[in-house]
Protein chains: 2
Amino acid sequence: MSRKYPVIHAIRKTRHSRFLHTEEVDLEFSNGERRTHERLLNSGLGAVIIVPMRDDDTVLMVREYGVGLDHYELGLPKGRLDQDESVEQGADRELKEEAGYGAHSLIRIGELSLSPAYMTHVTSVVLAQDLYPERLEGDEPEALEVVPWKLSELHTLMAREDVTEGRSIAALFMAREYLAGRYRP
Amino acid sequence: MSRKYPVIHAIRKTRHSRFLHTEEVDLEFSNGERRTHERLLNSGLGAVIIVPMRDDDTVLMVREYGVGLDHYELGLPKGRLDQDESVEQGADRELKEEAGYGAHSLIRIGELSLSPAYMTHVTSVVLAQDLYPERLEGDEPEALEVVPWKLSELHTLMAREDVTEGRSIAALFMAREYLAGRYRP
């Protein structure tokens, strides 16, 4: 991959996060054990991850820089929902912003969490089919490269070093099982 | 499922998290766009998720309460590594603590991230085979129920409401593709 990495000008520890907020929960288990567990709060609006199918076996993925791992990750389009937006509307918007396609068919095929142990985040998985070209301007700092991949080749996809995100890999297999008629949510 | 949920005695917003720490990164993309992105720091020790195989087609899962979603999640055993512990040692320990088994064979078959966009966390996926009963006392507030599942039945597993974690679902498919001889990390 030839894309030039962003330059990191500075890194600062933050005492008060702008968007990562936490709370403590005092728990008493049924055996009487007591624990205080911390959890990370989400935006409250929900999130979507989209599996966009260009044809029956070709999914469109995007390469996007992620500062968490400081690398370009190859994954599925995704994002947080806006206020007053349905899951399907949000999926269609993110798909237009990140991949340059709209979808005539949007089907919710499941929900994925990040880490039930300490995160409240839930992401709806949306299968997008019957695509047409349409681009919306998003808040991305740069255009994302769109990479087609065969659903029949997920075993070679997961061997790539730039494919690491659990939700993307899980959503791809959910879509494959759904399209094969084996899985129904 | 008959397990009684923990009682929540109190929930408090936390201004200073005990273990969720963040930093800000000033970025300049190759097109000159500048952004400041925030990311969540990890423990620095790494983490493991284990796919324990009781036989060639039976994986052992655990049901564990997660305060993030306030539910009992059915997922794979996992946990953070301790200081000076290798991935294989940590996998073996967590398996003994959470499922009551050790493994004669521990193979690292990949790495999964939570969210490259704002999380620095990476979890090693370890396939555990040739199991034997051995329990270690962990820091769990209660014993975890162990649930066997067929790798050939992942499409019915993902339809369950208590199976939501992206990393667990991804790791199960990675193990299935690996055991079928299709995927090599």
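Begin by selecting strand E3 (34-40) of chain A, strand E2 (residues 22-28) of chain A and strand E1 (7-14) of chain B in this predicted model. These three strands form an open sheet, in the order E3(A)-E2(A)-E1(B), with antiparallel pairing. E3 of chain A and E1 of chain B are the edge strands, each pairing on one side only. From one strand to the next, the twist averages 20°.

Strands of a sheet pair through backbone hydrogen bonds, either parallel or antiparallel. Now restrict the view to E2 of chain A and E1(B), which run antiparallel and are joined by seven bridges. To locate a specific pair in this part of the sheet, select Glu23(A); Lys13(B), in E1(B), stands opposite Glu23(A).

**The sheet begun by chain A's E1**

Next, select E1(A), E2(B) and E3(B), which form an open sheet of three strands in that order. The pairing here is antiparallel. The edges are E1 of chain A and strand E3 (34-40) of chain B, each of which pairs on one side only. In this sheet the twist averages 20° from one strand to the next.

Which strand of chain B does E1(A) pair with? The partner is strand E2 (residues 22-28) of chain B, in the antiparallel sense and over seven bridges. Two residue pairs serve to follow this pairing. Thr14(A) has Thr22(B) as its bridge partner in E2(B), and Ala10(A) has Asp26(B) as its bridge partner in E2(B).

Move on to the other neighbour of E2(B) in the order of this sheet, E3(B). E2(B) and E3(B) run antiparallel and are joined by seven bridges. Select Glu23(B) to find one of these pairings: its bridge partner in E3(B) is Arg39(B). Then go to the hairpin of E2(B) and E3(B), where five residues lie between the strands. In this hairpin, Gly32(B) takes a positive phi near 90°.

**The contact between the chains**

Widen the selection to the contact as a whole, which takes 65 residues from chain A and 65 residues from chain B. On the side of chain A that touches chain B, the elements giving two or more residues are strands E1 (7-14), E2, E3, E6 (71-75) and E8 (101-113), together with helix H3 (166-179). E1(A) gives the most to this side, with eight residues. Colouring this side of chain A by class separates 28 nonpolar, 17 polar and 20 charged residues.

**The helix pair**

Finally, select H3(A) and helix H3 (residues 166-179) of chain B. The two helices pack at an angle of about 60°, with their axes 7 Å apart. H3(A) and H3(B) are therefore oblique to each other. The crossing in which H3(A) passes H3(B) is left-handed.

Which residues of H3(A) meet H3(B)? They are Gly166(A), Arg167(A), Ile169(A), Ala170(A) and Phe173(A). In H3(B), they meet Gly166(B), Arg167(B), Ile169(B), Ala170(B) and Phe173(B). Shown by class, the residues of the contact of H3(A) with H3(B) divide into six nonpolar, two polar and two charged.

Technical notes:
Residues numbered from 1 in each chain as written. Chains lettered and ligands numbered in written order. Predicted model: local features only at pLDDT ≥ 70, side-chain atom pairs only at ≥ 80, totals over all residues. Pairing = 2+ DSSP bridges. Helix = DSSP H or I, 4+ residues; strand = E, 2+ residues; numbered from the N terminus. Axes fitted to C-alpha atoms, helices over the stretch in contact; angles between N-to-C directions. Contact = placed C-beta atoms within 7 Å. Nonpolar A, V, L, I, M, F, W, Y, C, P; charged D, E, K, R; others polar. Parallel < 35°, antiparallel > 145°, perpendicular 65-115°, else oblique. Left-handed = near helix turned anticlockwise from the far one by under 90°.
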